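Hi everyone, thanks for coming. Let's get the picture up on the screen before I start talking.

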Amino acid sequence: MATQPKNVLVVTASAQHEGSVTRRFANELIEKLEAQHGQLNIVNRDVSKGLPFIDGEWVSANFTPADQRSEAQLARLATSDALVQEIKDADIVVIAAPIYNFSVPASLKAWIDMVARVGLTFNYTSEGPVGLLTGKKAYVVIASGGTQIGSDIDFASGYLRHVLGFIGIHDVSLISAERFNHEDTDAISKIQSQIAELTLVAA
Ligand SMILES: Cc1cc2nc3c(=O)[nH]c(=O)nc-3n(C[C@H](O)[C@H](O)[C@H](O)COP(=O)(O)O)c2cc1C
(Lines give C-alpha, C1' and ligand atoms only; values in the text may rest on other atoms or scores of the structure.)
Protein backbone atom coordinates (compact mmCIF):
# COMPACT_ATOMS: atom_id res chain seq x y z
CA MET A 1 0.00 0.00 0.00
CA ALA A 2 1.37 3.41 -0.96
CA THR A 3 2.22 5.62 2.02
CA GLN A 4 0.89 9.16 2.17
CA PRO A 5 3.46 11.84 1.20
CA LYS A 6 4.79 13.68 4.25
CA ASN A 7 3.63 17.25 4.77
CA VAL A 8 6.60 19.55 5.21
CA LEU A 9 6.33 23.16 6.35
CA VAL A 10 9.39 25.23 5.46
CA VAL A 11 9.65 28.55 7.30
CA THR A 12 12.27 30.89 5.86
CA ALA A 13 13.18 34.23 7.39
CA SER A 14 16.38 35.55 5.84
CA ALA A 15 16.03 39.08 4.47
CA GLN A 16 18.31 37.91 1.68
CA HIS A 17 17.41 35.53 -1.11
CA GLU A 18 20.49 35.45 -3.32
CA GLY A 19 23.34 33.99 -1.29
CA SER A 20 21.29 33.16 1.81
CA VAL A 21 23.01 30.42 3.78
CA THR A 22 19.90 29.32 5.65
CA ARG A 23 17.83 29.10 2.45
CA ARG A 24 20.61 27.18 0.69
CA PHE A 25 21.04 24.55 3.41
CA ALA A 26 17.30 24.28 4.06
CA ASN A 27 17.01 23.38 0.36
CA GLU A 28 19.77 20.77 0.70
CA LEU A 29 18.00 19.32 3.73
CA ILE A 30 14.73 19.11 1.76
CA GLU A 31 16.57 17.27 -1.05
CA LYS A 32 17.72 14.76 1.54
CA LEU A 33 14.19 14.41 2.92
CA GLU A 34 12.92 13.84 -0.64
CA ALA A 35 15.58 11.21 -1.23
CA GLN A 36 14.35 9.37 1.84
CA HIS A 37 10.60 9.88 1.62
CA GLY A 38 10.02 10.37 -2.10
CA GLN A 39 7.43 12.96 -2.94
CA LEU A 40 6.72 15.52 -0.21
CA ASN A 41 3.88 17.98 0.16
CA ILE A 42 5.86 21.14 0.78
CA VAL A 43 4.37 24.38 2.05
CA ASN A 44 6.79 27.30 1.87
CA ARG A 45 6.13 30.04 4.38
CA ASP A 46 8.56 32.89 3.77
CA VAL A 47 8.10 35.33 6.65
CA SER A 48 10.91 37.68 5.63
CA LYS A 49 8.55 40.41 4.44
CA GLY A 50 7.02 40.48 7.91
CA LEU A 51 3.83 39.40 9.61
CA PRO A 52 1.33 41.29 11.77
CA PHE A 53 2.51 41.96 15.32
CA ILE A 54 0.42 41.12 18.35
CA ASP A 55 -1.49 44.17 19.57
CA GLY A 56 -4.27 44.82 22.09
CA GLU A 57 -7.06 43.92 19.67
CA TRP A 58 -5.36 40.66 18.80
CA VAL A 59 -4.89 39.74 22.48
CA SER A 60 -8.50 40.45 23.37
CA ALA A 61 -9.72 38.51 20.28
CA ASN A 62 -7.50 35.58 21.27
CA PHE A 63 -8.85 35.53 24.82
CA THR A 64 -12.48 35.82 23.73
CA PRO A 65 -14.02 32.33 23.56
CA ALA A 66 -13.99 31.18 19.90
CA ASP A 67 -17.79 30.99 19.65
CA GLN A 68 -18.22 34.53 21.00
CA ARG A 69 -15.80 36.38 18.71
CA SER A 70 -17.10 39.26 16.63
CA GLU A 71 -16.51 39.40 12.86
CA ALA A 72 -13.76 41.95 13.50
CA GLN A 73 -12.09 39.68 16.07
CA LEU A 74 -12.27 36.69 13.70
CA ALA A 75 -10.67 38.82 11.01
CA ARG A 76 -7.97 39.96 13.45
CA LEU A 77 -7.01 36.33 14.15
CA ALA A 78 -7.26 35.10 10.54
CA THR A 79 -3.52 35.25 9.77
CA SER A 80 -2.68 33.50 13.01
CA ASP A 81 -5.36 30.85 12.37
CA ALA A 82 -3.93 30.14 8.92
CA LEU A 83 -0.36 29.87 10.25
CA VAL A 84 -1.51 27.58 13.08
CA GLN A 85 -3.27 25.36 10.54
CA GLU A 86 -0.08 25.13 8.45
CA ILE A 87 2.02 23.91 11.34
CA LYS A 88 -0.74 21.58 12.57
CA ASP A 89 -0.90 19.98 9.12
CA ALA A 90 2.88 19.45 8.95
CA ASP A 91 4.58 16.15 9.75
CA ILE A 92 7.96 17.85 9.48
CA VAL A 93 8.81 21.49 10.17
CA VAL A 94 11.97 23.06 8.74
CA ILE A 95 12.93 26.47 10.13
CA ALA A 96 15.65 28.38 8.32
CA ALA A 97 16.85 30.92 10.88
CA PRO A 98 19.60 33.49 10.40
CA ILE A 99 20.95 35.02 13.59
CA TYR A 100 20.17 38.73 13.67
CA ASN A 101 21.51 40.71 16.62
CA PHE A 102 22.13 37.56 18.63
CA SER A 103 18.60 36.23 18.23
CA VAL A 104 16.05 35.33 15.56
CA PRO A 105 14.91 37.91 12.97
CA ALA A 106 11.89 39.93 14.12
CA SER A 107 9.87 38.36 11.29
CA LEU A 108 10.51 34.89 12.68
CA LYS A 109 9.60 36.04 16.19
CA ALA A 110 6.36 37.43 14.72
CA TRP A 111 5.66 33.99 13.19
CA ILE A 112 6.26 32.37 16.60
CA ASP A 113 3.85 34.87 18.18
CA MET A 114 1.24 33.91 15.57
CA VAL A 115 1.55 30.14 16.12
CA ALA A 116 1.87 30.01 19.92
CA ARG A 117 -1.89 30.01 20.62
CA VAL A 118 -3.43 28.84 23.87
CA GLY A 119 -6.05 26.19 23.18
CA LEU A 120 -4.69 25.54 19.68
CA THR A 121 -0.98 24.78 19.98
CA PHE A 122 -0.56 24.63 23.78
CA ASN A 123 -2.71 24.45 26.87
CA TYR A 124 -2.26 25.43 30.48
CA THR A 125 -2.83 22.52 32.85
CA SER A 126 -2.43 22.01 36.59
CA GLU A 127 1.02 20.59 35.77
CA GLY A 128 1.97 23.64 33.73
CA PRO A 129 1.82 24.34 29.99
CA VAL A 130 1.49 21.36 27.65
CA GLY A 131 2.28 21.53 23.93
CA LEU A 132 -0.38 20.15 21.62
CA LEU A 133 1.61 19.66 18.39
CA THR A 134 2.92 16.21 19.23
CA GLY A 135 4.32 13.62 16.83
CA LYS A 136 6.17 16.10 14.65
CA LYS A 137 9.83 16.42 13.73
CA ALA A 138 11.60 19.76 13.36
CA TYR A 139 14.87 20.74 11.74
CA VAL A 140 16.36 24.14 12.48
CA VAL A 141 18.93 25.39 9.98
CA ILE A 142 20.71 28.25 11.72
CA ALA A 143 23.45 30.54 10.43
CA SER A 144 25.53 33.26 12.02
CA GLY A 145 28.30 35.56 10.91
CA GLY A 146 30.39 35.34 14.06
CA THR A 147 28.28 34.27 17.01
CA GLN A 148 29.12 30.74 18.00
CA ILE A 149 25.99 28.58 17.98
CA GLY A 150 25.33 27.25 21.47
CA SER A 151 27.45 29.94 23.15
CA ASP A 152 26.15 32.28 25.85
CA ILE A 153 25.48 35.00 23.27
CA ASP A 154 23.44 32.76 20.97
CA PHE A 155 19.87 33.67 21.98
CA ALA A 156 18.42 31.97 18.90
CA SER A 157 19.06 28.22 18.88
CA GLY A 158 18.11 27.56 22.53
CA TYR A 159 15.10 29.83 22.15
CA LEU A 160 13.87 28.04 19.03
CA ARG A 161 14.35 24.64 20.64
CA HIS A 162 12.48 25.82 23.74
CA VAL A 163 9.56 27.40 21.91
CA LEU A 164 9.14 24.36 19.63
CA GLY A 165 9.06 22.17 22.75
CA PHE A 166 6.54 24.55 24.33
CA ILE A 167 4.09 23.84 21.49
CA GLY A 168 4.82 20.10 21.67
CA ILE A 169 7.63 19.58 19.15
CA HIS A 170 10.45 18.00 21.13
CA ASP A 171 12.25 16.14 18.37
CA VAL A 172 14.42 18.98 17.04
CA SER A 173 17.64 18.61 15.02
CA LEU A 174 19.91 21.60 14.61
CA ILE A 175 22.05 22.20 11.53
CA SER A 176 24.40 25.07 12.25
CA ALA A 177 26.42 27.14 9.82
CA GLU A 178 28.52 29.56 11.84
CA ARG A 179 31.05 31.98 10.46
CA PHE A 180 30.06 30.75 7.02
CA ASN A 181 32.15 31.75 4.02
CA HIS A 182 30.97 30.72 0.55
CA GLU A 183 34.58 30.12 -0.55
CA ASP A 184 35.37 27.91 2.42
CA THR A 185 34.87 24.40 1.10
CA ASP A 186 35.70 22.90 4.52
CA ALA A 187 32.85 24.86 6.13
CA ILE A 188 30.48 23.82 3.35
CA SER A 189 31.33 20.14 3.69
CA LYS A 190 31.03 20.42 7.50
CA ILE A 191 27.45 21.62 7.15
CA GLN A 192 26.68 19.08 4.43
CA SER A 193 27.96 16.30 6.66
CA GLN A 194 25.69 17.55 9.48
CA ILE A 195 22.79 17.13 7.04
CA ALA A 196 24.04 13.73 5.85
CA GLU A 197 24.36 12.46 9.41
CA LEU A 198 20.88 13.50 10.48
CA THR A 199 18.58 10.81 11.64
CA LEU A 200 15.54 11.33 9.52
CA VAL A 201 11.99 10.59 10.56
CA ALA A 202 10.70 7.14 9.72
CA ALA A 203 9.13 6.75 6.28
C1 LIG B 1 20.66 42.56 10.33
C2 LIG B 1 21.70 41.50 10.57
C3 LIG B 1 22.08 41.22 11.87
C4 LIG B 1 23.03 40.23 12.11
N5 LIG B 1 23.39 39.97 13.38
C6 LIG B 1 24.29 38.98 13.63
C7 LIG B 1 24.65 38.64 14.96
O8 LIG B 1 24.17 39.17 15.94
N9 LIG B 1 25.58 37.66 15.14
C10 LIG B 1 26.13 37.00 14.08
O11 LIG B 1 26.95 36.12 14.28
N12 LIG B 1 25.78 37.29 12.81
C13 LIG B 1 24.89 38.25 12.56
N14 LIG B 1 24.53 38.53 11.27
C15 LIG B 1 25.08 37.71 10.19
C16 LIG B 1 24.12 36.62 9.76
O17 LIG B 1 23.71 35.81 10.86
C18 LIG B 1 24.78 35.72 8.72
O19 LIG B 1 25.11 36.53 7.61
C20 LIG B 1 23.89 34.59 8.28
O21 LIG B 1 24.53 33.90 7.23
C22 LIG B 1 22.55 35.11 7.81
O23 LIG B 1 21.77 34.04 7.26
P24 LIG B 1 21.38 34.11 5.73
O25 LIG B 1 22.67 33.93 4.96
O26 LIG B 1 20.45 32.98 5.48
O27 LIG B 1 20.77 35.44 5.46
C28 LIG B 1 23.60 39.51 11.03
C29 LIG B 1 23.19 39.80 9.72
C30 LIG B 1 22.25 40.78 9.50
C31 LIG B 1 21.80 41.06 8.08
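I'll go through a pair of helices and then a loop. Keep in mind that this is a predicted model.

Okay, the helices. When two helices pack, people describe them by the angle between their axes and the distance between those axes. So, at what angle do the axes of H4 and H5 cross? Find H4 at residues 78-89 and H5 at residues 106-115: their axes cross at roughly 85 degrees and come within 8 Å. An angle from 65 to 115 counts as roughly perpendicular, so that's how H4 sits relative to H5.

Which residues meet there? From H4 you've got Ser80, Leu83, Val84 and Ile87, and on the H5 side they meet Trp111, Met114 and Val115. Sorted by class, this contact between H4 and H5 has six nonpolar residues, one polar and no charged ones.

Now slide over to the loop between strand E3, which is 92-98, and H5. A bit of background first: most residues other than glycine have a negative phi. Asn101, in this loop, has a positive phi of about 50 degrees, and it isn't a glycine. Phe102 is in the loop between E3 and H5 too, and its phi is also positive, near 70 degrees, again in a residue other than glycine.

And are these two buried or exposed? Asn101 is exposed, at 73% relative accessible area. Phe102, at 42%, is partly exposed. With over 50% counting as exposed, Asn101 makes the cut at 73%.

That's my tour, so over to you for questions.

Note on methods: Residues are numbered from 1 along each chain as its sequence is written. This is a predicted model: local features need pLDDT of at least 70, side-chain atom pairs count only at pLDDT 80 or more; totals for chains, interfaces and linings use all residues. Side-chain values use heavy atoms; hydrogens and water are left out. Axes are lines fitted to C-alpha atoms, for helices over the stretch in contact, and angles run from 0 to 180 degrees between N-to-C directions. Helices (H or I, at least four residues) and strands (E, at least two) are DSSP runs, numbered from the N terminus. Angles under 35 degrees count as roughly parallel, over 145 as roughly antiparallel, 65 to 115 as roughly perpendicular and the rest as oblique. Contact means heavy atoms within 4.5 Å. Ala, Val, Leu, Ile, Met, Phe, Trp, Tyr, Cys and Pro count as nonpolar, Asp, Glu, Lys and Arg as charged, and the others, Gly among them, as polar. Buried means under 20% relative accessible area, exposed over 50%, partly exposed in between (1.4 Å probe, protein chains only).
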